[in-house]
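Work through the following exercises with the sequence and the coordinates at hand. Each task is followed by a solution that goes step by step.

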Amino acid sequence: MADKPEYWRWTESRWTNPGLDWKGKVITAGVDVGSVSSQAVILADVELYAYANMRTGSDSPDSAMKAMNWAMKDTNLTIPDLAYTVGTGYGRVNVPFSQRAITEIACHARGGNFMYGPTIRTILDMGGQDCKAIHCDERGKVTKFLMNDKCAAGTGRGMEVFADLLGVSINDVGDLSFDIDKEPQPVSSTCVVYAKTEATGLLREGWPKNKVLAAYCSAMAHRIMTLLERIGVEEDFAITGGIAKNKGVVKRLEKEVSIKIIKTSKYDPQIAGALGAALFAKALYDKGKK
Amino acid sequence: MGYFCTYVPEEILYAAGVLTVRILGSHEPQDVTEPHIFAMFCPFCRDCLAQGLKNRYTYLDGLMIAQSCLHIRQAYTSWIKHRPVEFEKFLCMPHKVQSPHAYEYLTDELRIFKKEVEDWTGKKISESDLEKAIDTYNENRRLMKQLYNLRKRDNPPITGEEVMEVVMAMQMTDKEEHNKLLKQLLKNLENYTPDRAVGSRLMILGSEDDDTVFMNMVENCGATFVIDDHCTGSRYFWNEVETGKDQVAQIAARYIDRIPCPTKDWEERKRIPHILNLCKDWNVNGVIIMQQKFCDPHELDYVAIQKALDDTGIPTLFLEFDVTVPIGQFKIRVEAFLEMIGEDDLF
């Protein structure tokens with residue numbers, strides 16, 4: 001079993017700002033421990049200095065630590081250099097070196113504001129096990145939000161299960177889902193268990209893998225659409241979280257919303273929560289100093 | 001006597017020397033109601049029926065309900081079928097309380113009910129019995145309102161969770177005894193200033209809600225519930241019976257005119273201006289709209305209530321209860337809501 005390929009395994013990422021020397025600057029950080037992925041973001045004054053994005057383990061404090069250590073790798077930074085750290089995400093109270101916990105809803109709005117600019121009014125965070133539609137003002141402060149129902153249907157984890165079921169690397173799902181003759185009907189349920197059963201049936205009927213992927217991506221886009229319809233979409237509109245990288249869902253969603261989705265950030269969309277947390281850390285540090 | 005709904009005219013029972021006890025759930029997962037009522041009936045009515053089927057109310061001599069919603073009526077019907085009691089009553093409380101005929105109709109129903117109670121207990125209910133019952137109940141309501149008024153203070157001397165305990169005790173204690181305790185409580189709170197941060201001032205409204213675990217969670221996230229509109233809360237006691245010649249007619253009028261349950265708040269939605277007034281008088285910053293899952297009457301009112309609050313500039317958070325509270329999933333929503341309505345310390 002050890003040799004079985006892990007199709008679900010998405011690419012972890014790490015980045016350091018090459019033109020920046022952190023010495024002499026105020027270092028603040030944000031750590032987002034999600035149900036599926038964990039991120040650490042480090043700011044030097046108000047500039048993004050480094051980040052890491054990796055899979056969450058079974059232990060939240062440990063995942064927070066690992067993400068932060070990876071972000072700090074080769075930077076000579078150590079935990080005591082962090083002037084203020086904010087934890088967010090589902091493990092937000094379990095970030096051992098943080099001074100405060102803030103919800104990922106507030107953090108994604110703030111982080112999205114930084115990544116995509118102050119004209120962003122709607123942010124859709126499509127995470128590992130939930131999905132949030134957020135309205136915010138020009139500062140990135142939440143004005144309204146809506147979360148999916150308690151069930152995790154149609155979220156990142158579901159996509160991982162599908163990649164595994166079909167034996168397709170999760171990074172390729174988006175492209176392959178468009179490599180089809182004709183757009184199929186969406187699968188009737190986004191519930192991971194039911195959708196798996198349905199997909200197995202479709203494969204047995206002779207559907208090619210790509211068509212099944214298209215049907216699942218389409219169902220996911222459709223489910224997100226029902227959430228967006230309840231809160232409304234105001235422009236500009238951006239997506240954060242892992243699913244933002246999945247063209248198969250994003251393009252289909254864009255078609256349903258009929259609003260252009262902003263994709264111009266150079267950063268990994270999965271870091272938005274940790275980035276927002278780091279920006280809050282900076283604001284809280286500055287206030288504490290006064 | 002166990003009762004299922006706050007439209008039951010307890011005064012008549014109390015006058016006959018009957019102690020009334022509100023039927024509530026236990027918030028434990030259960031597997032006994034499935035053969036009897038649908039799984040998509042509200043969790044509260046399933047939880048209540050489970051208590052009966054699990055023999056947790058064997059001390060009851062009677063059980064009754066006043067017509068309100070079909071889900072809870074089914075719970076009642078199933079209960080008396082499987083756990084028969086000595087005295088059972090389905091009181092035909094009119095749905096259209098806004099009809100001018102409602103007063104007369106309910107008065108007649110209550111006269112029949114009074115006679116049935118007399119026949120059951122073998123005790124004639126005299127005018128002075130009724131008067132005493134009405135006085136005791138009215139005093140209880142007045143004292144409870146005094147307690148609620150204390151929550152208008154900038155630093156309320158009592159939390160929403162604590163009030164929920166009091167208001168629940170009110171529905172299963174002899175009112176005379178409860179009055180004594182309430183007076184003592186009011187005296188204790190008169191000059192009491194708790195040492196806790198008030199945070200955002202919240203209202204909670206919606207269907208039946210006796211979930212102290214949820215109240216506690218929210219009040220530990222930097223908020224205080226200062227007012228509610230629940231049938232287990234303010235709707236239960238808000239209105240008094242007015243004095244008049246015909247006591248039974250006065251009791252009927254009280255139940256017709258009371259702050260309505262959404263099953264009866266039709267065609268005009270009279271609850272909405274009431275809710276807006278509560279928000280104003282108790283200086284509310286945000287409202288949590290909390291309903292039992294699958295509760296159609298509340299779902300139908302939700303949109304209108306949410307809009308009315310939105311138009312007044314009061315933010316709302318909508319949540320759905322099940323038998324057990326998914327505390328983690330609620331917490332993220334509540335914290336994000338409080339961050340949204342709270343001060344701008346992050347910007």
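**Exercise 1. Describe the make-up and overall dimensions of chain A.**

Chain A has eight helices and 11 strands, where helices (H or I, at least four residues) and strands (E, at least two) are DSSP runs numbered from the N terminus. The model is a predicted one, in which local features need pLDDT of at least 70 and side-chain atom pairs count only at pLDDT 80 or more, while totals for chains, interfaces and linings use all residues. Residues are numbered from 1 along each chain as its sequence is written, and chains are lettered from A and ligands numbered from 1 in the order in which they are written.

For the dimensions, the C-alpha trace of chain A spans about 65 × 45 × 35 Å along its principal axes. The radius of gyration, taken over C-alpha atoms, is compared with a globule rule of 2.2 Å times the number of residues to the power 0.38. For 290 residues a compact globule would have a value near 19 Å, and chain A, with 19 Å, agrees with this.

Buried residues make up 51% of the 290 residues in chain A; a residue is buried if 20 or more other C-beta atoms, placed from the backbone, lie within 10 Å of its own, exposed if 12 or fewer, and partly exposed in between. Two residues are in contact if their C-beta atoms, placed from the backbone, lie within 7 Å. Among contacts in chain A between residues at least 6 apart in sequence, 73% join residues at least 24 apart.

**Exercise 2. Locate the domains of chain A and characterise the contact between them.**

The domain assignment, whose bounds come from an automatic or database source, gives domain 1 (13–113 + 270–289) and domain 2 (118–265) of chain A. Their C-alpha centres lie 26 Å apart. Domain 1 of chain A brings 14 residues to the contact and domain 2 of chain A brings 21 residues. On the domain 1 side, the largest share, eight residues, comes from helix α2 (residues 104–116) of chain A. That side divides into five nonpolar, eight polar and one charged, with Ala, Val, Leu, Ile, Met, Phe, Trp, Tyr, Cys and Pro counted as nonpolar, Asp, Glu, Lys and Arg as charged, and the others, Gly among them, as polar.

**Exercise 3. Identify the largest nonpolar core and explain its position relative to the domains of chain A.**

A nonpolar core is a set of buried Ala, Val, Leu, Ile, Met, Phe, Trp, Tyr and Cys residues joined through C-beta atoms within 7 Å. The largest has 129 residues, and those with the most contacts inside it are A:A40, A:I42, A:Y216, A:A278 and B:M203. Helix α6 (residues 209–231) of chain A gives the most to this core, with 10 residues. Because domain 1 and domain 2 of chain A both give residues to the core, it lies between them.

Leaving aside neighbours within four places in sequence, A:A40 is in contact with several residues, including A:V31, A:Y51, A:M68 and A:A274. A second, separate core of 48 residues includes B:C45, B:I65, B:L110 and B:I134.

**Exercise 4. Check the length of helix α5 of chain B and find what its buried residues pack against.**

The expected span of a helix is 1.5 Å times one less than its number of residues. The 24 residues of helix α5 (residues 127–150) of chain B should therefore span 34 Å, and the end C-alpha atoms, 35 Å apart, agree with that. Among the buried residues of α5(B) are B:L130, B:I134, B:M144 and B:Y148. The buried residues of this helix pack against α1 (10–15), α6 (160–170), α7 (175–190), β6 (223–229), α9 (234–237) and α10 of chain B.

**Exercise 5. Decide whether B:M170 and B:P260 are buried or exposed, and list their contacts.**

B:M170 is found in helix α6 of chain B and counts as buried because it has 23 C-beta neighbours inside 10 Å. Not counting residues up to four places away in sequence, B:M170 touches B:N140, B:M144, B:H178 and B:F237.

B:P260 is placed in the loop between α10 (247–257) and α11 (271–281) of chain B, and with 22 C-beta neighbours inside 10 Å it too counts as buried. With the sequence exclusion of four places, B:P260 touches B:V97, B:D265, B:K270 and B:R271.
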